[in-house]
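Thanks for sharing this one with me. Here are my notes, in numbered points, to read alongside the model.

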Amino acid sequence: LEFTGSDWCPPCIKMSKEVFSKDEFLQEASKQYVLVHLDFPKKDKELAEKNQPLLEKYQVSAFPTVVLLDAEGKEFSRFPATKYPELKSFLE
């Protein structure tokens with residue numbers, strides 16, 4: 001689960017541009033994970049409200065945050081996406 005603020009969060013915008021939107025990321029990460037992009041834009045309040053229950057469920061308090069779940073939906077890792085700011089380090 002990628003929690004992001006696509007139109008107001010500079011680190012989120014950077015991660016989207018340099019990692020999450022890259023074909024290599026999408027191809028490699030989707031081999032092992034179901035990729036879920038949860039956006040909380042300021043310009044689209046309806047979308048932010050739609051995603052709000054998951055923000056609360058996973059108690060995310062900062063953006064960008066990545067939450068990894070196993071096949072049963074149990075969380076096994078969580079980190080700020082900016083911990084791995086480059087494509088190669090993120091995929092590793």
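1. A cut-off first, since several points lean on it: a residue is called buried under 20% relative accessible area, exposed over 50%, and partly exposed in between. Please also keep in mind that this is a predicted model.

2. With that scale, Glu75 counts as partly exposed because its relative accessibility is 39%. Glu75 forms a salt bridge with Arg78, and their closest N and O atoms are 2.9 Å apart. Arg78 is partly exposed as well, with a relative accessible area of 35%.

3. How many salt bridges does the structure hold? There are 2. Besides the pair above, the side chains of Lys31 and Glu28 meet at 3.1 Å, N to O. Lys31 counts as exposed at 60% relative accessibility, whereas Glu28, at 36%, counts as partly exposed.

4. Now the sheet. It is open and has 4 strands, in the order β2-β1-β3-β4, with mixed pairing. The edges are taken by β2 (37-39) and β4 (75-80); each has a single partner strand, so one side of each is left without a neighbour in the sheet. On average, neighbouring strands are turned by 20 degrees against each other, direction ignored.

5. Inside the sheet, I looked at the pairing of β1 and β3. Strand β1 (residues 2-4) runs antiparallel to strand β3 (residues 65-69), and 2 bridges join them. Which residue of β3 is the bridge partner of Phe3? That partner is Thr65.

6. Helix α3 (residues 45-57) lies across β1 and β2. The helix runs at about 120 degrees to β2.

7. A surface feature you may like to look at is a nonpolar patch of about 350 Å², made by Leu26, Tyr33, Leu35 and Phe76. Leu35 sits in the loop between α2 (23-29) and β2, and is partly exposed, with a relative accessible area of 39%.

8. Leu26, another member of that patch, is placed in helix α2. At 36% relative accessibility, Leu26 counts as partly exposed. Leaving aside residues up to four places away in sequence, Leu26 touches Phe20, Ser21 and Leu35; thus two patch members, Leu26 and Leu35, are in contact. Leu26 and Leu91 are 65 residues apart in sequence, while their C-alpha atoms are 10.0 Å apart in space.

Terms used:
Residues numbered from 1 in each chain as written. Predicted model: local features only at pLDDT ≥ 70, side-chain atom pairs only at ≥ 80, totals over all residues. Heavy atoms only, no water. Pairing = 2+ DSSP bridges. Axes fitted to C-alpha atoms, helices over the stretch in contact; angles between N-to-C directions. Contact = heavy atoms within 4.5 Å. Patch = residues over 30% accessible without salt bridge, like charges linked within 9 Å, V, L, I, M, F, W, Y side chains within 5 Å. Areas by Shrake-Rupley, 256 points an atom, 1.4 Å probe, with all protein chains shown as cover. Salt bridge = Lys/Arg side-chain N within 4 Å of Asp/Glu carboxyl O. Buried < 20%, exposed > 50% of the residue type's maximum accessible area, 1.4 Å probe, protein only.
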